[in-house]
Amino acid sequence: VPEKKAKDWCVSKGDIPYFETSAKDDYNVDTAFLCIAKLALEHEHDQDIYFNSVAEQGPKTGEQMSGCAC
């Protein structure tokens, strides 16, 4: 993918960070991971809203389910 196309895509998705990485050469992998992890933690409250609505749809008290409620 051309760099310009990748950067344009990142901008169109809410200006997410763009990183060129290589796990093989250990290039920029830690930096990219730490940046994304930090952003995820900053937006953690957004996810809480989603999980609260999922929990509300779960089984009522007294009902038994096996396996994942997802």
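**Exercise 1. Two cysteines**

Cys-35 has a relative accessible area of 24%, and the relative accessibility of Cys-10 is 7%; decide for each of these residues whether it is buried, partly exposed or exposed, and then state how many disulfides are counted.

*Solution.* The model under study is a predicted one, and the values below are computed from it. Begin with the cut-offs, since a residue is called buried under 20% relative accessible area and exposed over 50%, with partly exposed in between. The value of 24% for Cys-35 therefore places this residue among the partly exposed ones. Cys-10, at 7%, falls under the lower cut-off and so counts as buried. For the last step, a disulfide requires a pair of cysteine sulfur atoms within 2.5 Å, and by this rule the count is zero.

**Exercise 2. Salt bridges in helix H1**

State how many salt bridges the structure holds, and describe the one that Lys-7 forms and the one in which Asp-8 takes part.

*Solution.* The structure holds two salt bridges. As a general background, side chains of opposite charge can pair when their charged atoms come close.

- Step 1: Lys-7 pairs with Glu-3, and the closest N and O atoms of this salt bridge are 2.8 Å apart. Both residues belong to helix H1, where Lys-7 and Glu-3 are four residues apart, which is about one turn of the helix.
- Step 2: Asp-8 and Lys-4 are joined through their side chains in a salt bridge, with an N to O distance of 2.9 Å. Asp-8 and Lys-4 likewise lie in helix H1, four residues apart, or about one turn of the helix.
- Step 3: Turning to accessibility, Lys-7 is partly exposed at 37%, and Glu-3 is partly exposed with a relative accessible area of 37%. Asp-8 is partly exposed at 41%, whereas Lys-4, at 60%, is exposed.

**Exercise 3. The loop between H1 and H2**

Find where Asp-15, Ser-22 and Asn-28 lie, and then work out what can be said about the phi angles of Asp-15 and Asn-28 and about the contacts of Ser-22.

*Solution.* Asp-15 is found in the loop between helix H1 (3–12) and helix H2 (29–42). Ser-22 has its place in the loop between H1 and H2, and so does Asn-28.

Most residues other than glycine have a negative phi. Asp-15, although it is not a glycine, has a positive phi of about 60°, and Asn-28, which is not a glycine either, has a positive phi of about 70°. With a relative accessible area of 55%, Asp-15 is exposed, while Asn-28 counts as partly exposed at 25%.

Ser-22 is buried, because its relative accessible area of 18% is under the 20% cut-off. When the neighbours within four places in sequence are left aside, Ser-22 is in contact with Tyr-27 and Val-29.

**Exercise 4. His-43 between two helices**

Locate His-43, classify its accessibility, and name the residue whose backbone oxygen its side chain reaches.

*Solution.* His-43 lies in the loop between H2 and helix H3 (44–56). Its relative accessible area of 40% makes His-43 partly exposed. Finally, the side chain of His-43 reaches the backbone oxygen of Leu-39, at a distance of 2.8 Å.

How values were computed. Residues numbered from 1 in each chain as written. Predicted model: local features only at pLDDT ≥ 70, side-chain atom pairs only at ≥ 80, totals over all residues. Heavy atoms only, no water. Buried < 20%, exposed > 50% of the residue type's maximum accessible area, 1.4 Å probe, protein only. Contact = heavy atoms within 4.5 Å. Salt bridge = Lys/Arg side-chain N within 4 Å of Asp/Glu carboxyl O. Polar contact = N/O pair within 3.5 Å; in protein donor to acceptor, adjacent residues only side chain to side chain.
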